[in-house]
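Let's take a relaxed walk through this protein, stopping at a few spots along the way. Have a look at the picture first, then read on.

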Amino acid sequence: MNHSIETKKLSLNQLTEDNRKGFSSLLQNDDVIRYCFDPFSAKDIEDSFQTRLAAWSVNSEHWLCLAVYEKTTGNFVGTNGFRVNVKGSKVEVGFLFLPEYQGKGYATESLKGVLEYARILGFDVAFAHVTEGNSASCRVLEKCGFVVSRIDSCSVSINNLLHNNIVYEVSLD
């Protein structure tokens with residue numbers, strides 16, 4: 001099955017080999033990953049990319065990773081997607097956007113499309129993890145109806161520093 005979503009300004013399509021360069025540029029950009037995780041080695045980036053190329057279904061354990069493109073230019077702007085929680089009715093969402101496309105509403109617009117797609121597929125709840133201090137991602141989630149469900153103190157380590165993890169949740173009903 002080809003997983004794709006169209007919004008007013010964006011096209012989201014399941015990651016393919018053609019997205020290798022864009023995906024790698026996201027995971028190698030310090031401004032993109034600073035609130036997410038430690039820098040990846042080239043091998044880790046390749047492994048992460050390969051796991052996201054596999055066919056995806058609602059029973060998959062890996063991410064449904066969607067490459068996000070501007071409709072007007074065809075430019076790759078980032079990724080958005082989700083993975084199924086072990087319990088089966090929840091999905092964890094995640095998004096990364098290149099710095100030059102941040103602040104344009106693309107994360108919000110694409111996340112709204114991703115949430116609607118998850119709802120159509122039968123999922124009830126979406127959640128997201130955000131490192132405290134990542135106010136831009138918090139705003140995106142809040143614009144999409146997410147609310148804070150809990151804060152896990154000092155549970156995220158990035159560059160050998162501990163940070164609080166904010167867990168957001170939204171009903172897809």
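A disulfide is a pair of cysteine sulfur atoms within 2.5 Å. Keep in mind that this is a predicted model. By that rule, the disulfide count here is zero. Why do Cys144 and Cys154 miss out? For Cys144, the closest cysteine sulfur is in Cys138, 13 Å away, so that is too far for a bond. Cys154 also has Cys138 as the owner of its closest cysteine sulfur, but at 16 Å, again too far for a bond.

Here are those two cysteines with their surroundings:

| Cysteine | Closest cysteine sulfur | Relative accessibility | Class |
|---|---|---|---|
| Cys144 | Cys138, 13 Å | 12% | buried |
| Cys154 | Cys138, 16 Å | 47% | partly exposed |

Now for a pair of helices. The axes of α4 (residues 106-120) and α5 (residues 135-143) come within 9 Å and cross at roughly 40°, which makes α4 oblique to α5. Their crossing is right-handed. On the α4 side, the contact is made by Ala107, Thr108, Leu111 and Lys112, while α5 brings in Val140, Leu141 and Lys143. Sorted by class, that contact has four nonpolar, one polar and two charged residues.

Last stop: Leu66, which sits in strand β3 (residues 64-70). Is Leu66 buried or exposed? Its relative accessibility is 0%, so Leu66 counts as buried. Leaving aside residues up to four places away in sequence, Leu66 touches several others, including His3, Ile5, Leu12, Gly78 and Val114. Ser135, on the other hand, is 69 residues from Leu66 in sequence and 23 Å from it in space, C-alpha to C-alpha.

Terms used. Residues numbered from 1 in each chain as written. Predicted model: local features only at pLDDT ≥ 70, side-chain atom pairs only at ≥ 80, totals over all residues. Heavy atoms only, no water. Helix = DSSP H or I, 4+ residues; strand = E, 2+ residues; numbered from the N terminus. Buried < 20%, exposed > 50% of the residue type's maximum accessible area, 1.4 Å probe, protein only. Contact = heavy atoms within 4.5 Å. Axes fitted to C-alpha atoms, helices over the stretch in contact; angles between N-to-C directions. Parallel < 35°, antiparallel > 145°, perpendicular 65-115°, else oblique. Left-handed = near helix turned anticlockwise from the far one by under 90°. Nonpolar A, V, L, I, M, F, W, Y, C, P; charged D, E, K, R; others polar.
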